Amino acid sequence: MMADLKWMHEAIELAKQAGASGEVPVGAVVVREGLIVGRGCNGPVANNDPTAHAELMALRDAAQTIGNYRLENCTLYVTLEPCTMCAGAILNSRISRLVYGASEPRTGAAGSVLDVFANQGLNHHTEVIGGVLSDACRQLLQEFFKPKRLNLKPLREDALRPPDEWFEGIPDYPWAAQYVSDLPSLKGLRLHYLDEGRSENLNAGQDPSSHRQLTYLCLHGNPAWSYLYRKMIPTFTTHGHRVVAPDLIGFGKSDKFKKPNQHNFDFHRQVLLDLIERLDLHRIVLVVQDWGGILGLTLPMDMPHRFAGLLAMNTALATGTQPLTEGFLSWRAWCESNPDFEVAKLFARGNKHMSIAETQAYNSPFKDRGHRAALHAFPPMVPEHENSSGAEISRKALNFWRHQWQGQSMMVIGLQDPVLGEAGMRELQQNIQACPPPILLPQAGHFVQEHGQPIAESAVQHFKVSTS
Ligand SMILES: [Zn+2]
């Protein structure tokens with residue numbers, strides 16, 4: 001019995017791993033002669049496999065370890081009463097003992113709905129013990145399902161929602177969360193954005209200051225979120241302007257896709273277009289950096305009347321017509337070989353002036369591994385070839401900036417950026433109609449916004465809107 005508790009704790013650890021990946025938290029181990037020979041985490045979503053239950057994963061693992069498809073003298077420990085499929089597999093594999101935690105009143109096949117193991121025609125050898133650490137096992141499941149019940153809008157099954165607690169107490173981010181989930185492109189996903197400094201008198205036509213109000217639309221890239229703009233937002237609002245700063249799906253407080261391949265260029269672009277339409281933004285100054293520009297620079301051509309200005313920082317238009325830079329290629333390769341890289345460390349490395357609490361804030365959206373799909377998806381999504389997804393629209397955008405852009409522009413380059421640095425930005429400047437020479441920040445790196453306060457001061461002096 002003591003041994004049963006010990007092994008069930010091992011199964012619970014695996015259940016937690018499944019839960020952290022966004023799967024229903026169920027875990028299993030197979031034990032033979034006092035040693036774990038097989039481990040399994042529930043994983044049907046990530047594996048696209050309806051049979052990827054914890055028990056089957058553990059049985060397969062054990063059979064590989066032992067080198068035999070018959071698992072005689074083995075005990076299977078699983079945190080939840082097995083379903084009919086798993087009960088069948090347990091019998092087929094000749095498991096001698098089954099020990100499970102919580103019972104499963106809706107699908108359990110070891111006594112709850114039916115009892116496969118009690119059928120003498122099928123079963124001659126499996127002893128069944130239920131209810132071992134059942135409270136701990138059940139609590140994991142209850143906690144997993146609890147946040148969904150609390151949400152006002154249903155969460156999509158293929159997505160995760162970062163809990164509010166992950167964002168508690170982070171420095172210099174006092175702004176109220178705004179959410180939208182009924183944009184056509186979102187199909188039920190919940191997008192988070194900041195919306196600060198909005199003039200109350202926009203429709204009254206009385207307040208002359210409202211006519212001078214610009215909307216700074218601040219778009220972040222990978223692996224950042226709207227936190228990136230915390231040093232610029234107060235300056236914009238203090239000068240009477242409005243700031244809208246969304247978190248792309250997969251980042252920040254927005255919902256996260258479970259799988260990298262759910263992300264694509266057109267989806268993210270369309271979400272931004274839909275958000276601008278929904279909020280009916282006008283006199284927009286587009287503020288972009290990294291993916292904020294790769295996506296954001298393709299927006300104004302679809303709605304030029306809404307845009308008044310552009311503030312571009314270390315970014316690119318990925319038209320697929322010339323090779324991606326060496327700096328970007330090594331970043332992409334690094335991401336691929338370090339899939340679990342810590343976002344906070346990345347910020348700390350290039351920004352020695354940031355506090356630990358600030359760098360840690362960049363980790364907040366990614367506290368569970370299951371929430372990291374966007375980090376895996378974005379680097380390979382940069383359009384690389386002429387026919388890459390997003391490349392054609394980026395070429396159209398380039399043409400727009402060269403020949404049709406009527407607004408004011410401003411460019412700031414962080415010179416310590418190995419990925420999207422000075423050379424590419426100077427070329428971009430040449431392609432933006434009437435864009436003055438860039439402001440160079442020798443001390444700033446890729447995340448230029450970490451030096452954002454003086455940039456915002458320059459911007460509010462630079463961008464003036466006609467009051468017509
Ligand atoms: Zn099952």
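**A walk from strand E1 to helix H12**

Let's start with one pair of residues: Ala 28 stands opposite Val 78 in strand E3. Keep in mind as you look around that this is a predicted model. E3 covers residues 74-80, and its partner here is strand E1, made up of residues 27-32. The two strands run antiparallel, and five bridges join them.

E1 has another partner too. Strand E2, residues 35-41, pairs with E1, again in the antiparallel sense, this time over six bridges. To see where these two strands face each other, look for Arg 32, which stands opposite Leu 35 in E2. E1 and E2 form a hairpin with two residues between the strands. In that hairpin, Glu 33 takes a positive phi near 50°. And how covered is E1 itself? Mostly covered: five of its six residues are buried.

Now jump along the chain to helix H11, which takes in residues 343-350. Here Val 343, Leu 346 and Phe 347 are buried. Looking down the axis of H11, you'd find its buried residues within an arc of 95°, so they line one face of the helix. There's a simple reason for this kind of spacing: an α-helix has 3.6 residues a turn, so residues three or four places apart point the same way. Swing round to the other side of H11 and you meet Lys 345 and Arg 349, which are exposed.

What do the buried residues of H11 pack against? They pack against helix H12, which is built from residues 356-361. One residue to pick out in H12 is Gln 360. Is Gln 360 buried, exposed or partly exposed? The count of neighbours settles the matter: 17 other C-beta atoms lie within 10 Å, so Gln 360 is partly exposed, since being buried takes 20 or more and being exposed takes 12 or fewer. You can also check how Gln 360 sits relative to Ala 348: they are 12 residues apart in sequence, and their C-alpha atoms are 9.0 Å apart in space.

Finally, step back and take in the whole protein. Its secondary structure comes to 16 helices and 15 strands. Measured out along the principal axes, the C-alpha trace spans about 85 × 50 × 40 Å. There are 468 residues, and 44% of them count as buried. As for how the chain meets itself, take the contacts between residues at least 6 apart in sequence: 69% of these join residues at least 24 apart.

Note on methods: Residues numbered from 1 in each chain as written. Predicted model: local features only at pLDDT ≥ 70, side-chain atom pairs only at ≥ 80, totals over all residues. Helix = DSSP H or I, 4+ residues; strand = E, 2+ residues; numbered from the N terminus. Pairing = 2+ DSSP bridges. Arc of directions from axis to C-beta. Contact = placed C-beta atoms within 7 Å.
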